[in-house]
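Biologist: I should like a close look at a single part of this model, set within its surroundings. Please examine the structure below before we begin.

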Amino acid sequence: MASPVRSKSMATVRVKRFNPDSDAKPYMQEFQVPNLQGTTLLDALHRIKHEQDGSLTFRRSCRHAICGSCAMNVNGRNILVCKTPLQGQLDRKGVVTIKPLPYLPIIKDLVVDRSTFWNEYLRVKPWLVPPATSPEREFRMSPEEVAALHNAETCIMCGACYSACQVVALNKKYIGPHALLKSFLRVLDPRDTIPGERLAEVGTDEGVFRCHTIFNCIDACPKNLNPTQAIETLRRLAQKRTAFEAARVERQRTIAGPLAAEPTPAAEGGVRHVP
Ligand code: FES
């Protein structure tokens, strides 16, 4: 069959479709949209939904790469479609292929079931557990302690790293890079009182010792974070958990007062953005 004639002023968006109520299996469908400068992939999906097929289903909210809801697989890579220009993703024939995040069950079209993602997130107790008594003014942290946490805090929980991870694909009990990054954030926070419990939870073969260091999580992260480095740090700390717990108890004697002159455990390793 002759291939369709494609105009340069138009782009072809190939979308993976699946409606569990009517489709036996997923299939690819093509749509034509204007190839205008400044159009993002999310704009293109909106255009298709509003002008061509209202049943096309996808998640989005903020449109500013903050909420993490629009992560999808585009041309084989997990990215945020709201911050990605359409033009940069077109091949020489003017075609871009959009699929749901891989390895997760499809609910409909580009929407996946993130239950395992959130269950693993809750498993590491992502909230801070501060000392029982709060200081009168503030907890005192050194610049190094704050810097160690800073970049891990910018994770937006989009799921791109989790769904790009080959270990997740093979083993649904693996905690996953997103939750391990969050655990890292809490373990290294000098205000947190349960670093030993956290290290016991992640220091297993369902946690940091299951990571194969494939680096897919780094490639996929739209915020250029480095979950692999966080996992490496957690591995080291898990192996000296008792000493780390003792150091945290000691650190918390001064957390409500002036800063200690001595280096603190939290300075051990921060997560840097990938250059
Ligand atoms: S819509 Fe919020 S990150 Fe894309």
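In which helix does Q239 lie? Please describe that residue and then the wider arrangement of the chain.

Modeller: The model is predicted, and the description that follows should be read accordingly. Q239 lies in helix α9, which covers residues 227–239. Q239 counts as partly exposed because 13 other C-beta atoms lie within 10 Å of its own, whereas 20 or more would make a residue buried and 12 or fewer exposed. A separation of 8.9 Å lies between the C-alpha atoms of Q239 and L199, and these two residues are 40 places apart along the chain.

The next residue to consider is L234. Leaving aside residues up to four places away in sequence, L234 touches L180, S183, F184, V187, V202 and V208. The largest nonpolar core has 59 residues, and L234, together with L180 and F184, touches the most other members. Helix α6, residues 177–187, contributes the most to this core, with six residues. At least three residues of the core come from each of domain 1 (10–112) and domain 2 (115–268).

As for the two domains themselves, the domain assignment places domain 1 at 10–112 and domain 2 at 115–268. Their C-alpha centres are 33 Å apart. Contact between them involves 12 residues of domain 1 and 11 residues of domain 2. On the side of domain 1 that touches domain 2, strand β4 (residues 77–80) gives the most, with three residues. That side of domain 1 comprises 10 nonpolar and two polar residues, with no charged residues.

Methods
Residues are numbered from 1 along each chain as its sequence is written. This is a predicted model: local features need pLDDT of at least 70, side-chain atom pairs count only at pLDDT 80 or more; totals for chains, interfaces and linings use all residues. Domain bounds come from an automatic or database domain assignment. Two residues are in contact if their C-beta atoms, placed from the backbone, lie within 7 Å. Helices (H or I, at least four residues) and strands (E, at least two) are DSSP runs, numbered from the N terminus. Ala, Val, Leu, Ile, Met, Phe, Trp, Tyr, Cys and Pro count as nonpolar, Asp, Glu, Lys and Arg as charged, and the others, Gly among them, as polar. A nonpolar core is a set of buried Ala, Val, Leu, Ile, Met, Phe, Trp, Tyr and Cys residues joined through C-beta atoms within 7 Å.
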